[in-house]
Amino acid sequence: MGTDSRAAGALLARARTLHLQTGNLLNWGRLRKKCPSTHSEELRDCIQKTLNEWSSQISPDLVREFPDVLECTVSHAVEKISPDERDEMKVSAKLFMVGSNSSSSTKNAVDMACSVLGVAQLDSVIIASPPTEDGVNLSLEHLQPYWEELQNLVQNKKIVAIGTSDLDKTQLEQLYQWAKVKPNSNQVNLASCCVMPPDLTAFAKQFDIQLLTHNDPKELLSEASFQEALRESIPDIPAHEWVPLWLLRYSVIVKSRGIIKSKGYILQAKRRGP
């Protein structure tokens, strides 16, 4: 194991929290050599290359400090939105919860995205359906704690609009009737249904909910896939101790031209054990 990996391994063995952010993928240059075929492949590639780049730039001071929170990033790719440009940009995010964790992770993810991008609020946040146990269908009770956090963030002006993903007509109707801040969009995976379900389309039209499409897999990031990426980037560390809590994918689009100016990933992981 090289010096870089040894330093990274020592830090990961002592830290409790890992914040990983890719910066703007459009700024990656040499790091982005191939076009990934799936979102899962892109994410895995991003995690590994961010870890590798971070490992190569660890300072002796950081190793001496052994911080509880590690900020792992591709420094040359970090790009904040200037205040002069903010009104011309639409900043959107999709939040994926990984495993069972506190709904307060929602606020952590949004706060971190705002900090990374240098903005006061996000224009739109869509939450992917939170994971449920095998054989258990998603219910309103599963969604409520996350939606309450999103509503608070809207009321505190950290988000303008909030939406859902992969809800059928019944699920969307139940959420709409219960929620104080109504969903303004719902993503549908056309790989699973080919066409928009008529009952969902009718309900969305009646209540002015925008129906969008996506092609994300059911589980974009799992505990196992994150640990494998960690193990491949930094061998000989107890990767099984690290558990991802959430993943946020963002995009910054120039409103007048529809051009993507920036896109990237941010994730938070915690270390189990003593």
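Reader: So helices (H or I, at least four residues) and strands (E, at least two) are DSSP runs numbered from the N terminus. Where is Leu-153, then?

Author: In helix α5. Keep in mind that this is a predicted model.

Reader: Noted. Is Leu-153 buried or exposed?

Author: Leu-153 has a relative accessible area of 4%. Buried means under 20%, so Leu-153 counts as buried.

Reader: And what does Leu-153 touch, not counting residues up to four places away in sequence?

Author: Thr-106, Lys-107, Val-110, Lys-158 and Ile-159. Ser-55 is another story: its C-alpha atom is separated from that of Leu-153 by 34 Å, and the two are 98 residues apart along the chain.

Reader: Lys-158 caught my eye. Which residue forms a salt bridge with Lys-158?

Author: Asp-111, with the closest N and O atoms 3.7 Å apart. The pair links distant parts of the chain, 47 residues apart: Lys-158 is in the loop between α5 (140-155) and β5 (159-165), and Asp-111 is in helix α4 (residues 105-117).

Reader: Why is Lys-158 called partly exposed?

Author: Because its relative accessible area is 22%, and partly exposed covers what lies between the under-20% and over-50% classes. Asp-111, with 26%, is partly exposed as well.

Reader: How many salt bridges does the structure hold?

Author: 15. One of them joins the side chains of Arg-86 and Asp-123, at 3.2 Å from N to O. That pair also links distant parts of the chain, with Arg-86 in the loop between β2 (69-73) and β3 (89-97) and Asp-123 in strand β4 (residues 122-127), 37 residues apart. Both residues, Arg-86 and Asp-123, are buried.

Reader: What about Arg-249 and Asp-216?

Author: Their side chains meet in a salt bridge too, at 2.8 Å from N to O. Arg-249 belongs to strand β8 (residues 242-254), while Asp-216 is in the loop between β7 (210-214) and α9 (223-233), 33 residues away. Arg-249 and Asp-216 are both buried. There is also a network: salt bridges with shared partners join Arg-44, Glu-228 and Glu-232.

Reader: Changing topic: how many disulfides does a search of the whole structure find?

Author: Zero.

Reader: How far is Cys-72 from the nearest cysteine sulfur?

Author: 12 Å, and that sulfur belongs to Cys-46. A disulfide needs the two sulfur atoms within 2.5 Å, so Cys-72 is in none. Cys-72 is buried, with a relative accessible area of 1%, and Cys-46 is buried with 1% as well.

Reader: On to pockets. How much space lies in the largest pocket?

Author: About 1100 Å³. It is lined by 40 residues, and the closest to its centre are Ser-129, Pro-130, Pro-131, Thr-132 and Lys-218. Elements that each supply at least two lining residues include β3, α5 and α8 (198-206).

Reader: What is the lining of the largest pocket by class?

Author: 16 nonpolar, 13 polar and eleven charged residues.

Reader: And what volume has the second largest pocket?

Author: About 620 Å³. Its lining has 26 residues, with Ser-92, Lys-94, Gln-187, Arg-249 and Ser-251 nearest the centre. So Arg-249 turns up again, the buried partner of Asp-216, and a buried residue is one under 20% relative accessible area. Among the elements giving two or more residues to this second lining are α2 (39-55), β8 and β9 (259-271). By class, the second largest pocket is lined by eight nonpolar, twelve polar and six charged residues.

Note on methods: Residues numbered from 1 in each chain as written. Predicted model: local features only at pLDDT ≥ 70, side-chain atom pairs only at ≥ 80, totals over all residues. Heavy atoms only, no water. Salt bridge = Lys/Arg side-chain N within 4 Å of Asp/Glu carboxyl O. Buried < 20%, exposed > 50% of the residue type's maximum accessible area, 1.4 Å probe, protein only. Contact = heavy atoms within 4.5 Å. 1 Å grid on protein atoms, 1.4 Å probe; cavity = no way out; pocket = protein on both sides within 12 Å on 5 of 7 lines; lining within 4 Å. Points joined across faces, edges and corners; volume = space filled by probe spheres on them. Nonpolar A, V, L, I, M, F, W, Y, C, P; charged D, E, K, R; others polar.
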